[in-house]
Amino acid sequence: MSAPLHTPDHPWRGVMVATTLPLKDDLSIDHDAYAEHVRSLLDAGCDGVVPNGSLGEYQTLTDDERARVVRTAVEAAGDGSRVMAGISAYGSAEAARWAEQAADAGAGSALLLPPNAYRADDAEVRAHYARVASVGLPVVAYNNPHDTRVDLTPRLLAELHARQHIVAVKEFSGDVRRAYEIAESAPGLDLLVGADDVLLELALAGAVGWIAGYPNALPRSCVALYRAAVARDLDTALPLYRALHPLLRWDTRHVFVQAIKASMDLAGRPGGPCRPPRSALDPEAGAAVRAATEKALADGLA
């Protein structure tokens with residue numbers, strides 16, 4: 001079985017890396033390092049990048065910074081279909097404005113959380129996605145009920161897809177049973193793995209993409225894992241998954257940005273600091289990330 005393909009018609013499929021953002025010592029953005037990071041991920045076999053997601057610390061960026069990050073990603077990728085811009089915002093009009101900016105920059109798709117400043121009801125969620133979808137850029141919904149307090153249930157996702165407001169969902173609930181409910185409720189909706197530590201389970205359940213965190217640090221082994229998982233090659237996928245899982249599970253912890261950047265530093269990639277209020281890993285977490293990363297690198301899982 002071949003892996004689902006990233007194509008200009010389905011630019012949200014495959015391994016789309018939610019990119020971290022390199023910062024200089026003064027915490028300004030190092031756009032040259034970011035461009036090189038994007039190119040290196042694509043060279044390593046990743047299908048595309050997702051700038052301005054949570055891993056990219058978008059909440060701490062100014063409007064000018066956020067817009068330039070998308071432009072940098074598109075230019076570095078050399079193919080706009082390889083870029084899924086994060087466009088989440090508190091207001092629907094603001095999210096739509098970010099969708100317009102991403103489309104103007106040449107991005108192939110966009111990633112959008114539901115309203116998350118408060119617990120929106122279903123009608124408000126439908127209106128939010130309708131407003132942003134009206135821009136015309138393909139929208140991938142992002143279901144993260146842990147942080148947003150809004151759950152994009154299979155039934156609600158089916159409604160949004162039926163209205164042509166979304167093309168796919170980044171499923172971050174951690175409940176792998178959702179994959180089967182989504183397939184039954186919205187058979188045409190693409191399921192994308194949203195949490196690194198359920199990659200294998202969701203791939204076996206029919207996911208056609210992975211909006212991924214740990215390929216920032218270990219791109220080649222993560223791509224190999226994804227390709228084997230969606231091809232249902234368990235002889236290859238299961239040992240890799242077990243070897244990488246001590247790192248993958250950091251993607252679902254509140255210090256995921258710091259953990260992935262720490263692993264990047266150890267792997268010789270542009271990790272570095274985070275902007276406040278994120279602070280450095282505490283000694284216990286830092287030691288655990290270091291030990292797991294060093295073991296992965298020693299095992300050849302770069």
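**Warm-up: the end of α3**

Which residue follows α3, and what is the sign of its phi?

Solution. Helix α3 is followed by Gly-106. Its phi is positive, near 105 degrees. Keep in mind throughout that this is a predicted model.

**Exercise 1: two helices, two spans**

Compare the end-to-end reach of α3 with that of α10, then find where α10 bends.

Solution. Step one: take α3, residues 92-105. With 14 residues, α3 reaches 20 Å from its first C-alpha to its last, close to the 20 Å expected at 1.5 Å a residue.

Step two: do the same for α10, residues 234-248. A straight helix of 15 residues would span 21 Å, yet α10 covers only 18 Å between its end C-alpha atoms.

Step three: look along α10 for a bend. There's one of about 40 degrees at Arg-242, and Pro-246 follows within four residues.

**Exercise 2: what's packed on these helices?**

List the buried residues of α3 and α10, and say what covers them.

Solution. Start with α3, where Ala-95, Ala-96, Trp-98, Ala-99, Gln-101 and Ala-102 are buried. Their cover includes the helices α2 (63-77) and α4 (122-133), along with β3 (84-86) and β4 (109-112).

Now α10: here the buried set is Ala-237, Leu-240, Tyr-241, Leu-244, His-245, Leu-247 and Leu-248. Among the elements covering them are α8 (199-204), α9 (219-230), α11 (256-266) and α12 (283-298).

**Exercise 3: mapping the empty space**

Find the volume and lining of the largest pocket, the second largest pocket and the largest cavity.

Solution. First, the largest pocket holds about 780 Å³ of space. It has 38 lining residues, and the closest to its centre are Ser-54, Tyr-58, Gln-59, Leu-113 and Asp-147. Elements giving two or more residues to this lining are α5 (145-148), β8 (209-212) and α11. The largest share, three residues, comes from α5. Sorted by class, the lining has 15 nonpolar, 15 polar and eight charged residues.

Second, the runner-up pocket has a volume of about 170 Å³. Of its 15 lining residues, Pro-138, Val-139, Gln-164, Ile-166 and Val-167 are the closest to the centre. The class count here is seven nonpolar, six polar and two charged.

Third, the structure holds one cavity of 30 Å³ or more, and the volume of the largest cavity is about 30 Å³. Thr-19, Thr-20, Leu-21, Tyr-34, Pro-51, Asn-52, Gly-56 and Val-69 line it. That makes four nonpolar, four polar and no charged residues.

**Exercise 4: backbone oddities**

Locate Glu-57 and Arg-232, give their phi values, and decide whether each is buried or partly exposed.

Solution. Glu-57 sits in the loop between β2 (48-50) and α2. Its phi is near 55 degrees, a positive value in a residue other than glycine. Because its relative accessibility is 3%, Glu-57 counts as buried.

Arg-232 belongs to the loop between α9 and α10, and its phi is positive too, near 60 degrees. Its relative accessible area is 38%, so Arg-232 is partly exposed.

Which two residues does a cis peptide bond join? They're Pro-276 and Pro-277, with omega at about 15 degrees. Pro-277 lies in the loop between α11 and α12.

**Exercise 5: who touches Arg-126?**

Place Arg-126 in its element and name its contacts beyond four places in sequence.

Solution. Arg-126 is part of helix α4. Once neighbours within four places are set aside, Arg-126 is in contact with Leu-156, Glu-159, Leu-160, Arg-163 and His-165.

Notes
Residues are numbered from 1 along each chain as its sequence is written. This is a predicted model: local features need pLDDT of at least 70, side-chain atom pairs count only at pLDDT 80 or more; totals for chains, interfaces and linings use all residues. Side-chain values use heavy atoms; hydrogens and water are left out. The expected span of a helix is 1.5 Å times one less than its number of residues. The bend at a residue is the angle between axes fitted to the seven residues ending there and the seven starting there. Buried means under 20% relative accessible area, exposed over 50%, partly exposed in between (1.4 Å probe, protein chains only). Contact means heavy atoms within 4.5 Å. On a 1 Å grid over the protein atoms alone, a cavity is a set of points where a 1.4 Å probe fits but cannot get out, and a pocket is an open set with protein on both sides within 12 Å along at least five of seven lines; lining residues have an atom within 4 Å of a point. Grid points are joined across faces, edges and corners, and a volume is the space filled by probe spheres set on the points. Ala, Val, Leu, Ile, Met, Phe, Trp, Tyr, Cys and Pro count as nonpolar, Asp, Glu, Lys and Arg as charged, and the others, Gly among them, as polar.
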